[in-house]
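Q: Could you take a close look at one part of this model for me, the packing in its interior, and then work outward from there? I'd like one connected walk-through rather than a list.

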Amino acid sequence: MDVNVYRGEGKLQHVVEVGPHKLVADAPSQYGGEDAGFTPHDILAASLGACTALTLNMYAQRKGFTMEKVDVKIEHAEKDGAYVFNRHLTFYGDLTTEQKESLTGIANKCPVHKILSGQIEIVTDSN
């Protein structure tokens, strides 16, 4: 599926469109934006968080775990020359310690985690 990004209404605002879905991206006011939407870094962190939650829910269902839900919190920032994502998982439901450990391991296997941890190639063209 294609991701299309086009100019929004603010000074730096852009609309991100994927199929019928849209979200607004903007820069914080200290960088000249109007803080009217997600920053690009927030969108990247949200992708990791959403992928993690979806992967964990699918795994728990497949294994028959009694996980009611999982909350995923991603803290992200540049630190010592690297961009760091701190992922915090909170499991709800009647889960054993072993099941929680299994789920935590599966979090590292979500597709977005694999992409961010692997080699990335970006090919750019223009007209």
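**Inside the core and around it**

A: Let's start with V70: setting aside neighbours within four places in sequence, V70 is in contact with A53, L56, N57, T90 and F91. Bear in mind throughout that this is a predicted model.

Several of those partners turn up again in the largest nonpolar core, which has 12 residues: A53, L56, Y59, A60, F65, M67, V70, F91, L95, L103, I106 and A107. Helix 1, strand 4 and helix 2 (97-107) are the elements that give two or more residues to this core. Helix 1 supplies the largest share, 4 residues. There's also a second, separate core of 6 residues, with L48, I74, C110 and V112 among them.

V70 lies within the range of strand 4 (residues 67-79), so let's follow that strand. Strand 4 pairs with strand 5 (residues 82-93) in the antiparallel sense, over 12 bridges. One pair to look for is V72, which stands opposite L89 in strand 5. The two strands form a hairpin with 2 residues between them, and D80 in the turn has a positive phi of about 50 degrees.

Now over to helix 2. Its buried residues are Q99, L103, I106 and A107. They span an arc of only 105 degrees around the axis, so they sit on the same side of helix 2. T97, E98 and E101 are exposed on the other side of that helix. What covers the buried residues of helix 2? The cover includes helix 1, strand 4, strand 5 and helix 3 (111-117).

Q99 deserves a second glance. This glutamine is in helix 2, and with 19% relative accessibility it counts as buried, because the cut-off is under 20%. Beyond its neighbours within four places in sequence, Q99 is in contact with F65 and D94. F65 is also one of the residues of the largest nonpolar core.

Back to C110 in the second core, since there's a cysteine question to settle. C110 is buried, with a relative accessible area of 0%. C51 counts as buried too, at 12% relative accessibility. So are they bonded or not? The sulfur of C110 is 3.5 Å from the closest cysteine sulfur, in C51, which is too far for a bond, because a disulfide needs the two sulfurs within 2.5 Å. The disulfide count comes to 0, and C51 is in no disulfide, with the sulfur of C110 as its nearest cysteine sulfur.

Next, try L44, found in helix 1 (residues 40-63). At 36% relative accessibility, L44 counts as partly exposed. Leaving aside neighbours within four places in sequence, L44 is in contact with F85 and L116. In the case of F85, the two residues are 41 apart in sequence, while their C-alpha atoms are 9.9 Å apart in space.

That leaves the N-terminal strands. Here 3 strands form an open sheet in the order 1-2-3, with antiparallel pairing. Strand 1 (4-7) and strand 3 (21-25) are at the edges; each has a single partner strand, so one side of each has no neighbour in the sheet. From one strand to the next, the twist averages 25 degrees.

Taking the pairs one by one, strand 1 and strand 2 (residues 14-18) run antiparallel to each other over 4 bridges. Within that pairing, N4 stands opposite E17, and Y6 stands opposite V15. The hairpin made by strand 1 and strand 2 has 6 residues between the strands.

On the other side of the ladder, strand 2 and strand 3 pair in the antiparallel sense over 5 bridges. H14 has A25 of strand 3 as its bridge partner. The hairpin here has 2 residues between the strands, and G19 in the turn has a positive phi of about 55 degrees. If you're tracing side chains along any of these, remember that in a regular strand they alternate between the two faces of the sheet.

Definitions and conventions. Residues numbered from 1 in each chain as written. Predicted model: local features only at pLDDT ≥ 70, side-chain atom pairs only at ≥ 80, totals over all residues. Heavy atoms only, no water. Pairing = 2+ DSSP bridges. Axes fitted to C-alpha atoms, helices over the stretch in contact; angles between N-to-C directions. Buried < 20%, exposed > 50% of the residue type's maximum accessible area, 1.4 Å probe, protein only. Contact = heavy atoms within 4.5 Å. Core = buried A, V, L, I, M, F, W, Y, C linked by side-chain atoms within 4.5 Å. Arc of directions from axis to C-beta.
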